[in-house]
Structures are given as structure tokens and as C-alpha cells.
Amino acid sequence: MSLESQIIQIEGMTCHSCVNRIETAVKANNGVKKASVDLLRKRLEVIFNPGELTREYIINVITKLGYQAFEKTGLEIE
Ligand code: 9UX
């Protein structure tokens, strides 16, 4: 089973506790191998097993914490 890497843009994070909240909540799901937030760039890099959960599910986890999360396409990644 191959893993999928996704960059998710997140609006609404203002401090490092936000970073920890999001990383902890995303990592709590089976199938997530890596979740790393870049606060300055307002983005999350997540590596996950698409056989266990979807990118939409991950975005929903973040949304439920009270942030605005958007999938970034490959072309938008600097
Ligand atoms: Mo920081 Mo984030 O005080 O939701 S935890 S703003």
C-alpha cells in the first residue's frame, strides 16, 4: 500500500498551541504517518495511507477544531 502526501492550507492558527492541537488531532487517526504544521506558511504536510482514511476526512478533522482548511494542489506548492 503506497502512502499519499498532501499539503493542506490552514487559516486561523495564531499560536504554537494551535500547531500542537492540529498535529495531535490529525496524528490520532489510524493511517496517518506524519503530520507537520508550518505556522508561518500556514500549512500542514500530512503523509497518510489512503486505504485507511481520505484527505477529505483529514480536512474535516481540522475544520471541526475551528480552523479553515483547504487542499492545495501540486501546482500551488512553492
Ligand atoms: Mo492559541 Mo489556537 O492561544 O486555536 S491555541 S490561538
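## Fold, ligand shell and Asp 38

In this protein, 62% of the contacts with a separation of 6 or more are made by residues 24 or more positions apart. The model is a predicted one, and the description below moves from the whole chain to the ligand and then to a single residue.

The protein contains 2 helices and 4 strands, and when the chain is followed from the N terminus these elements come in the order β-α-β-β-α-β. The radius of gyration is 12 Å, close to the 12 Å that the globule rule gives for 78 residues, so the protein is as compact as a globular protein of that length. The C-alpha trace spans about 35 × 30 × 15 Å along its principal axes. Of the 78 residues, 37% count as buried, while the surface that the protein exposes amounts to about 4,700 Å², with carbon and sulfur atoms supplying 50% of that area.

Turning to the ligand, which residues surround it? The shell consists of Thr 14, Cys 15, Ser 17, Cys 18, Arg 21 and Tyr 67, and by residue class it divides into 3 nonpolar, 2 polar and 1 charged. Because Tyr and Cys count as nonpolar under the classification used here, Cys 15, Cys 18 and Tyr 67 belong to the nonpolar part of this shell, whereas Arg 21 is its charged member. The class of a residue does not by itself describe what its individual atoms do, and Tyr 67 illustrates this, for a polar atom of its side chain lies 2.7 Å from an oxygen atom of the ligand. Arg 21 also has a side-chain N or O atom placed 3.4 Å from an oxygen atom of the ligand. Both distances can be read as polar contacts, because the cut-off for such a pair of N or O atoms is 3.5 Å.

A last stop is Asp 38, which is found in strand 2, the run of residues 32-38. Is this residue buried, exposed or partly exposed? Its relative accessible area is 31%, so Asp 38 is partly exposed. A polar atom of the Asp 38 side chain lies 3.1 Å from the backbone nitrogen of Arg 41. When neighbours within four places in sequence are left aside, Asp 38 is in contact with Met 13 and Arg 43. Asp 38 and Gln 9, although 29 residues apart in sequence, are 9.7 Å apart in space when the distance is taken from C-alpha to C-alpha.

Note on methods
Residues are numbered from 1 along each chain as its sequence is written. This is a predicted model: local features need pLDDT of at least 70, side-chain atom pairs count only at pLDDT 80 or more; totals for chains, interfaces and linings use all residues. Side-chain values use heavy atoms; hydrogens and water are left out. A residue is near a molecule or strand if one of its heavy atoms lies within 4 Å of it. A polar contact is a pair of N or O atoms within 3.5 Å; within protein, one must be able to donate a hydrogen and the other to accept it, and residues adjacent in sequence count only if both atoms are side-chain atoms. The radius of gyration is taken over C-alpha atoms; the globule rule is 2.2 Å times the number of residues to the power 0.38. Buried means under 20% relative accessible area, exposed over 50%, partly exposed in between (1.4 Å probe, protein chains only). Contact means heavy atoms within 4.5 Å. Accessible areas come from the Shrake-Rupley method with a 1.4 Å probe; for residues, only the protein chains shown count as cover.
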